[in-house]
Each structure stands twice: as structure tokens, then as C-alpha cells.
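The exercises below ask you to read burial, contacts and internal space from a single model. Work through each task before turning to the solution that follows it.

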Amino acid sequence: MNDTEAGNGPGRADSGTRGRRRRDPEWTYAALLDALLGLVSEDGREPTRKAIAERAGVSERTVFVHFADREALYVAAARRQAERWRAHAEPVPPEEETGRKAAALLAQRARMYEVMTPIRKIGLGLEADSPGLRGVMAEGDAWFRADVAAVFAPELGRVADAGAPGGLLDALEAASSWAVWDHLRSRRGLDGAAARAAMERTLRALLDGVPPSP
């Protein structure tokens, strides 16, 4: 469902409401970002500014009014997308049994990764020339690492070198990463349930070697 169908874009309002909204800079700014993200999700490739403007229901010139350049547009879109995938985050209690934590973590990661995949793929192609995009993506990576560290804090605390380079934390982060998810989904052709099951097997195998709680 695109933004117009969902009632989030200009298409569901009457012409008078649309006209008032188009004169609202904040609404137009959001509509352009939603248009970009909707097109990327549907086509999996970078849309033209003309297509973005048409989806948002504004003139192509309006894109340049709100975003100084291509980098500014994609940095803003990446931040908006980050808000969306973070909305799927739910606390996983560290005191839960290890296997249940692994399953819960990957259940929400699956939802997050499906939301973020289209724009992240484009971001990976643009980040070499975009310090802003590199920063947004690095923030996301740091969030995922911190999340793993918090969920499995008891297990990590029972391994002496867990936080050392190449240690258990690095392994858990890699095993639950978007890169692995995308490989299983895009390269191996697995559906979401199968990809999640494969990642859960890896997480459990890594955690099986942790000494039991005293």
C-alpha cells in the first residue's frame, strides 16, 4: 500500500485540503520523503525527482526548494526510514532464557530489516560520496550493536573476552545483522521465516558455548 492509499499522502484529501497542505512546508517536506520511500520500496531503485514530485502531488521545482541536493534528500529519507524501523523495536528482557531472547530479537529484526532494506540498498551505493548517509547508516549500525549487547548482557558478562575484537559480541552482532538477512533473502532466495530460522540457529550455536549462570 502506498502513502496515497494509506491516507498519508495528498490523494485522499479533497482538493481544498490538498491546496492548504501544499502551502504547508512541513507537510510538503514529509510528502516528498514519503513519496521517495514509497517509490524505492516499490521499484527497488532510485527514482527521478520528477517521479518523486508526481507521487507527492507537487511540482518538480518543489523538490529543489526543500532539499539543496541529492545528498540532502537521501539523508533526510534515511532518517525518516530509521524512525519507521525503530518503531518495531520492543524491549527484550535480558533476564529471559537465552533461546527465547534469540527468537524474540530476530522476530523484531525481521520486521525492521524488511522495512529498511530498499532504502539501505540504495544508501550503500551512495554512501561513498555522501558523508551524511554514512553517518546515518553508522548510527543505525551502532543502535543494532547496542541492542544486541543489552539483550545478551548476562551471557556476554560470563565470557572474559566477549567485547574484544573478534569476540562474542562481534559474532552476535554479525549473526543478527542486516547483511546476513539480506544475503539469505536476496542471494539465497529464502522467505522471511526461513531466513529468521537460519539466523536463529547461528545465534543459538554461538550462545550455547557460554558458561551457565552460577
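**Exercise 1. Where is Ala 78 placed, is Ala 78 buried or exposed, and which residues does Ala 78 contact beyond its neighbours within four places in sequence?**

Solution. The model is a predicted one, and the reading begins with the helix assignment, which places Ala 78 in helix α6. The next step is accessibility: Ala 78 has a relative accessibility of 11%, and because buried means under 20%, Ala 78 counts as buried. Once neighbours within four places in sequence are set aside, Ala 78 is in contact with Leu 133 and Val 136. A further step compares sequence with space, since Ala 78 and Arg 120 are 42 residues apart along the chain while their C-alpha atoms are separated by 7.8 Å.

**Exercise 2. How many cavities of 30 Å³ or more does a search of the whole structure find, and which elements give two or more residues to the lining of the largest cavity?**

Solution. The search of the whole structure returns two cavities of 30 Å³ or more, and the largest cavity has a volume of about 160 Å³. Its lining consists of 14 residues, of which Ala 78, Trp 85, Met 116, Arg 120 and Met 137 are the closest to the centre of the cavity. Sorting the lining by element shows that α6 (70–86), α7 (98–126) and α8 (131–151) are the elements that give two or more residues. Helix α8 gives the most, with six residues. Sorted by chemical class instead, the lining of the largest cavity divides into nine nonpolar, three polar and two charged residues.

**Exercise 3. In helix α8, is Gly 135 buried or partly exposed, and how many residues along the chain lie between the positions of Gly 135 and Val 75?**

Solution. Gly 135 belongs to helix α8. With a relative accessibility of 27%, Gly 135 lies between the cut-offs of 20% and 50%, and therefore counts as partly exposed. Gly 135 and Val 75 are 60 residues apart along the chain, and the separation of their C-alpha atoms is 8.9 Å.

**Exercise 4. Which residues do Thr 117 and Lys 121 touch, leaving aside neighbours within four places in sequence?**

Solution. Both positions lie in helix α7, as the assignments of Thr 117 and Lys 121 show. Their accessibilities are then read one at a time: Thr 117 is buried at 14% relative accessibility, whereas Lys 121 is partly exposed with a relative accessible area of 39%. For Thr 117, the contacts beyond the excluded neighbours are Trp 178, Trp 181 and Asp 182. For Lys 121, the corresponding list is Trp 178, Asp 182 and Ser 186.

The polar atoms complete the comparison. The side chain of Thr 117 reaches the backbone oxygen of Tyr 113 at 2.5 Å, while the side chain of Lys 121 is joined to the side chain of Asp 182 by a polar contact of 3.2 Å. Lys 121 can also be set against Arg 45, which is 76 residues away in sequence and 8.6 Å away in space, C-alpha to C-alpha.

**Exercise 5. What are the surroundings of Thr 62 and Val 63 in helix α5?**

Solution. Helix α5 covers residues 60–66 and contains Thr 62, and Val 63 lies in helix α5 as well. Thr 62 has a relative accessible area of 14% and is buried; Val 63 is buried too, with a value of 1%. Beyond residues up to four places away in sequence, Thr 62 touches Thr 28 and Leu 32, and Val 63 is in contact with Leu 32, Arg 49 and Ala 53. The side chain of Thr 62 also makes a polar contact of 2.8 Å with the side chain of Ser 59. Val 63 and Ala 53, ten residues apart in sequence, have their C-alpha atoms 6.7 Å apart.

**Exercise 6. How many helices and strands are there in the protein chain, and what percentage of its residues is buried?**

Solution. The protein chain has twelve helices and zero strands. Of its 214 residues, 41% are buried. Among contacts between residues at least 6 apart in sequence, 65% join residues at least 24 apart. Finally, the accessible surface of the chain comes to about 11,300 Å², and 51% of that surface belongs to carbon and sulfur atoms.

Technical notes:
Residues numbered from 1 in each chain as written. Predicted model: local features only at pLDDT ≥ 70, side-chain atom pairs only at ≥ 80, totals over all residues. Heavy atoms only, no water. 1 Å grid on protein atoms, 1.4 Å probe; cavity = no way out; pocket = protein on both sides within 12 Å on 5 of 7 lines; lining within 4 Å. Points joined across faces, edges and corners; volume = space filled by probe spheres on them. Helix = DSSP H or I, 4+ residues; strand = E, 2+ residues; numbered from the N terminus. Nonpolar A, V, L, I, M, F, W, Y, C, P; charged D, E, K, R; others polar. Buried < 20%, exposed > 50% of the residue type's maximum accessible area, 1.4 Å probe, protein only. Polar contact = N/O pair within 3.5 Å; in protein donor to acceptor, adjacent residues only side chain to side chain. Contact = heavy atoms within 4.5 Å. Areas by Shrake-Rupley, 256 points an atom, 1.4 Å probe, with all protein chains shown as cover.
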